[in-house]
Amino acid sequence: MKGFRLAAPGERLSILCLGAHSDDIEIGAGATILNLIARGVRLDVHWCVLSAPGERESEARASAAEFVSEAARSQIEAMAFRDGFFPEQGDEIKKWFESLKRRVEPDLILTHRGNDAHQDHRQVSRLTWNTFRDHLILEYEIPKWDGDLGRPNMYSPVSAGALQRKIDLLMSHFGSQRSKQWFDPEVFRGLARLRGMECRAPEKYAEAFVANKLTLW
């Protein structure tokens with residue numbers, strides 16, 4: 001299958017990364033981001049975590065900083081919207097999205113899958129599409145005990161090295177999550193292997209996305 005390339009080595013690519021919680025972007029798209037940087041794409045990353053109060057803000061900022069440490073440019077934002085109550089905070093989160101729209105003009109937006117079982121994830125996805133209506137948006141997936149993994153239609157093959165670094169950084173930075181049964185290297189590697197099998201990834205691993213709308217030239 002002929003691949004669709006976002007950017008060639010040496011080219012610049014502006015990415016807006018949106019995550020409801022402090023580890024979401026890393027879990028859903030971390031290896032893709034690391035792989036783009038390793039391929040020589042000059043990334044301009046705007047990384048936004050909407051719920052990162054207290055200890056989780058420190059985790060979010062430290063992790064994001066390492067994931068984008070070799071990007072051409074990066075900016076990290078961490079907000080403190082109440083975890084688990086995003087639908088009830090719709091007005092305030094919508095205002096934040098509108099202010100974000102005035103500050104960024106990305107080539108690509110990475111956000112939550114629209115039919116994710118977590119209400120916060122769905123709200124972020126809905127407002128992403130509501131706010132950015134003329135952008136390339138890819139929705140990433142988050143494995144969890146809800147058992148809500150879907151059928152992605154876009155794959156990002158990643159190197160074994162990029163996947164290992166993603167897992168290492170996740171386990172290193174998110175001490176608050178290590179007690180959760182699903183927060184486990186085998187879960188992250190297993191999902192990447194499954195997605196890699198589905199797209200015949202050269203190094204066996206991939207992250208998968210839902211692409212609701214694409215323009216091909």
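Colleague: How many bridges join S1 to S4?
Modeller: Three, and the two strands (DSSP runs of E, at least two residues, numbered from the N terminus) run parallel. S4 covers residues 108-112, and strands count as paired if DSSP finds at least two bridges between them. This is a predicted model, where local features need pLDDT of at least 70, side-chain atom pairs count only at pLDDT 80 or more, and totals for chains, interfaces and linings use all residues. Residues are numbered from 1 along each chain as its sequence is written, and side-chain values use heavy atoms, leaving out hydrogens and water.

Colleague: Which residue of S4 stands opposite Leu16?
Modeller: Ile109.

Colleague: And what about S1 with S2, parallel or antiparallel?
Modeller: Parallel, over nine bridges, with S2 at residues 42-51. Arg12 faces Arg42 of S2 there.

Colleague: Is S1 mostly covered or mostly open?
Modeller: Mostly covered: nine of the ten residues in S1 (12-21) are buried, meaning under 20% relative accessible area with a 1.4 Å probe, protein chains only.

Colleague: Switching to H6, which residues are buried?
Modeller: Phe188, Leu191, Ala192, Arg195 and Gly196. Seen down the axis of H6, they fall within an arc of 135°, so they line one face; the arc uses directions from the helix axis to the C-beta atoms.

Colleague: What do they pack against?
Modeller: H1, S6 (154-158), H5 (160-173) and S7 (205-210), with contact meaning heavy atoms within 4.5 Å. Helices are DSSP runs of H or I, at least four residues.

Colleague: What follows H6?
Modeller: Arg200, with a positive phi near 55°.

Key: Buried means under 20% relative accessible area, exposed over 50%, partly exposed in between (1.4 Å probe, protein chains only).
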